Amino acid sequence: MVNNQSLTDIKSMTLPELTAFMLSIGEKAFRAKQLYQWIHVKLAASFDEMTNLSGDLRQKLKETCFLTVLVPEEENISKLDGTRKYLFALADNNMIESVWMEYQHGNSVCISTQVGCRMGCRFCASTIGGVVRNLTAAEMLDQVYRMQQITGKRVSNVVLMGSGEPLDNYDNVVRFLELITDENGLNLSGRNITLSTCGIVERIYDLAKLKFPITLALSLHASNQETRKKLMPIAYKYPLEQVLKACDDYYEATGRRLSYEFSLVAGVNDSSETAKELANLLRGRHCHVNLIPVNPVKERDFVGTTHSNAVSFQKMLEKYGINATIRREMGRDINGACGQLRRSYLEKKQVPIQEGDPQH
Ligand code: SAH
């Protein structure tokens, strides 16, 4: 948690770690609690706001630590449903995107876990330039904190479904989960958190062992291994059968019903035969299928299924006893699929899109 200028990333620290740190710089333990509250409850954006800490201590903190605060570079607000899309600048000038959605049951935010992604899913804009780097726990937290500060409203649900593969940034994501659910911090219930993964099998087993009560969403997108390989290169590494077994283990360990994400691509995975095959594949599993007509990405030639076809697909699944919903499209007027805001920004600014290391 020390960056290249040897400054300590205090927003990524748990309270016990922060306490040890404060003791190491000659401060009393209760100061750690005050500092932690400024960071994680009052969502302070600078040390200067921390008025119950002495000027000397604030100075000492400025010299030894940094406080991750994201800067909103662009904000797009939907006129249709209040959805907001943010492009946030990180301290090293990388850009990430986050989304704010308002539902009847509360406010939900969708956050990024990496700058870019290396999973290579064929229909996804986030992966086109590969991965640039992992986000720190603080950078994930601050997406939530900044959106709360900007809107003045409380977040009730967090979904890790923005750019990046959360289980490819496992340690930082676990730290993020610990911090955001900490009763001394934002104190979000694990039940209100969803982590979406393309299916990195070992990490699903690891996550299950931690027994966080969070929902695991698996990006399935296919009813058999052959089709999945065409859409998601990760399927070459982890065959469908292994992924589903890991998901079953997750259910057994946590008691949390799985969510299976299914993006419908016209002519590829949207036929009634696919719906039947999918129902067979998931039969007997405690799960829910989330259907979403694939969002067009200009660099790709995939076309989303029609709404009426999505409805028939859903009905077919239900006929075979599988719970399914069509995801409500939010913010239709403010930019499409995830990863597109960052890409259009990079293109506009003519920033060379850094090629990461696509894994496959
Ligand atoms: N890497 C994680 C989380 C980020 S992607 C994962 O794979 O689950 C979040 C979800 O959006 C995934 O289900 C992903 O497959 C889906 N997705 C990506 N691009 C999409 C597009 N153009 N249209 C519809 N869904 C898309």
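Q: How many residues of domain 1 are in contact with how many residues of domain 2?
A: This is a predicted model, where local features need pLDDT of at least 70, side-chain atom pairs count only at pLDDT 80 or more, and totals for chains, interfaces and linings use all residues. Residues are numbered from 1 along each chain as its sequence is written, and side-chain values use heavy atoms, with hydrogens and water left out. The automatic or database assignment gives domain 1 (8-66) and domain 2 (71-348). With contact meaning heavy atoms within 4.5 Å, the tally is 16 residues of domain 1 and 15 of domain 2.

Q: What area do domain 1 and domain 2 bury between them?
A: Their centres, taken over C-alpha atoms, are 33 Å apart. Buried area is the accessible area (1.4 Å probe) lost when two parts are put together, summed over both. Here 52% of it sits on carbon and sulfur atoms, and the total is about 1200 Å².

Q: Which residue has a side-chain N or O atom 2.5 Å from a ligand oxygen atom?
A: Let's go through some polar contacts (N or O pairs within 3.5 Å). A ligand nitrogen is 3.0 Å from a polar backbone atom of Gly-164, and a backbone N or O atom of Asn-295 lies 2.8 Å from a ligand nitrogen. The side chain at 2.5 Å from a ligand oxygen belongs to Ser-219.

Q: How much of the ligand's accessible area does the protein cover?
A: Areas come from Shrake-Rupley with a 1.4 Å probe. On its own the ligand has 530 Å² of accessible area, and the protein covers 93%.

Definitions and conventions: A polar contact is a pair of N or O atoms within 3.5 Å; within protein, one must be able to donate a hydrogen and the other to accept it, and residues adjacent in sequence count only if both atoms are side-chain atoms.
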